[in-house]
Amino acid sequence: MKAAEIRQTFLKFFESKGHQIVASSPVVPGDDPTLLFTNAGMNQFKDVFLGFDKRPYTRATTAQKCIRAGGKHNDLENVGYTARHHTFFEMLGNFSFGDYFKRDAIAYAWELLTEVYKLPKERLTVTVYAEDDEAYGIWKDQIGVPAERIIRIGDNKGARYASDNFWMMGDTGPCGPCTEIFYDHGDHIPGGPPGSPEEDGDRFIEIWNNVFMQFNRDEAGVMHPLPKPSVDTGMGLERIAAVLQGVHGNYEIDTFVALLAAAKAAVEASAGGAAVDAESPSLKVIADHIRACAFTVADGVIPGNEGRGYVLRRIARRAIRHGYKLGARAPFFFKLVAALVGQMGEAYPELARDEARITQVLKQEEERFFQTIATGMLILEGALDQAIAERHVAEPSVMFFSYTQEPLPGVAVVSFIDQQRKMSDQVIVFDDEPSPAHVQALNLTGKNIHRVKRDANGVVLDGATAFKLHDTYGFPLDLTADVCRERGVAVDTAGFEAAMQRQREQARAAGKFKMAQGLAYSGAATTFHGYEQLAREGATVTALYVD
Ligand code: ATP
Ligand code: MG
Ligand code: MG
Ligand code: MG
């Protein structure tokens, strides 16, 4: 069953149960200041749950465009690392506004999964909120799920992956206990059942959450009962599609196969024809991010430096960086809009209608970032090599750093000079063990020569470098962190914030000074070209660092 058919089957099933089919709302929520982007199907019904708004129906069903790249539900960091997370995804949902409650919601979900989609019952495991004896009883006695496959789970706030059976839209708003349905993809995949220490894995994948909306949480965290108990459910279309198409990961379903192929072709063309590994996680990141970016632009956001525009910029630049990593040296990302329209333009006509503008907006952003990415990456890689090397020498105060792509790609040599200005230590930082011939070619002359693998757990990139990359080269902090994570390095985010704060204060002080003087500098602008020079030299770059 193709994703389009699975979506249609879901909506038709709930229509047959008296639900009104309602169109997806935009990814930019209409008038909800508590929310950056739509993160669940229930968002457009928030006021109905709260009793502020009334609809001509008490049952609804939707396929909702969602973005989870910030705020309470943030999956940006998971993309490329898990089989099941996207920044943009479609959430299939059914809703009861004071109409049916737990008993019917659970029965509908089970009927759809086992009789319509025909999933084998023994592959399904369910969780209920720890104290929810009612939901537990319904699963056990009414549906007949064996007790060993009904797991009680409490609230698990703060844990990144851990299951949490109390669902909240955000820090405030409608919320309630929930029951979730997991599919077991088989014991050949690492991971354990929900609630177990191994649940981080992707063996048991959560496919459907049924929330029993009962409270409105206020800013002080107090829970006020809703006027009428209601139901809000969400099932990720991509996750159920993976199950129904007999594949494990979301990225193997029909819509993604096409997008991944387009991403591979676009990157290869921009990398001068060099072949890209079809299994690279970077391709998944790119295929995921084009959806988030295109749908966000379609709903009226443009890349910028704050709010929604900055989230969009962060996602776009992250995708571009992954393309760069695969060898792209010119804009490629914007070209994927056409492939996406081919996949999703029918279900979401706003994409097709706006294709030319979306392409143009993303192209502009990409051209802009391509002006600084090469230099920024060089600085970042250099800083990482230095930070890694510094751990291995006694006196790292003065050093001479050389980054070498020839004769050995993926190798850097960081040389340290002692107080007498003599070469003391040299550290070879490498991806793969350099051969003896290569080591010889590196021309090492230090007294102590160390070899260090590139991925370096425990090393931290300093906040000042992360800030310089942000401020001068347009590297959002999460992009820098993403590059660092690939090498096992963490980022000093407190140092980053401090550098940002310092710069704000300096700008304020400079502003005051200018006013006091009553004069602005009117001489010729000066530009520092040092780093661009480094980038141009590319193959063999040498820079001198003195204290
Ligand atoms: P997970 O624990 O896997 O992160 P979740 O518990 O955060 O999921 P819910 O808030 O319960 O997810 O959302 C309802 C459903 O939406 C999930 O059961 C899942 O099918 C789907 N879903 C949630 N987040 C994502 C995502 N980032 N990408 C794709 N589908 C998602
Ligand atoms: Mg989640
Ligand atoms: Mg979950
Ligand atoms: Mg959930």
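Hi everyone, this is a short tour of some salt bridges in the structure in front of you. Please keep in mind as we go that the model is predicted.

Let's begin with the overall count: there are 29 salt bridges here. I'd like to walk you through three of them.

Let's start with D202 and R84. Their side chains form a salt bridge, with 2.7 Å from N to O. Where do D202 and R84 lie? D202 is in the loop between β7 (173–184) and β8 (204–217), while R84 is in the loop between β2 (59–67) and β3 (88–96), so this pair ties together parts that are 118 residues apart in sequence. And are D202 and R84 buried or exposed? Both are buried.

Next, please look at D478 and R314, whose side chains also meet in a salt bridge, again listed at 2.7 Å, N to O. Here the link runs between helices: D478 belongs to helix α15 (residues 477–486) and R314 to helix α8 (residues 307–325), 164 residues apart. D478 is buried, as is R314.

My third pair is R487 and E381, with a salt bridge of 2.6 Å, N to O, between their side chains. R487 sits in the loop between α15 and β15 (490–491), and E381 sits in helix α12 (residues 373–390), so parts that are 106 residues apart in sequence are tied together by this pair. With a relative accessible area of 7%, R487 counts as buried.

Finally, which residues are joined into one network by salt bridges that share partners? They are R314, R318, R321, K325, D478, D482 and E486. You'll recognise R314 and D478 from our second pair. Thanks for listening!

Technical notes: Residues numbered from 1 in each chain as written. Chains lettered and ligands numbered in written order. Predicted model: local features only at pLDDT ≥ 70, side-chain atom pairs only at ≥ 80, totals over all residues. Heavy atoms only, no water. Salt bridge = Lys/Arg side-chain N within 4 Å of Asp/Glu carboxyl O. Helix = DSSP H or I, 4+ residues; strand = E, 2+ residues; numbered from the N terminus. Buried < 20%, exposed > 50% of the residue type's maximum accessible area, 1.4 Å probe, protein only.
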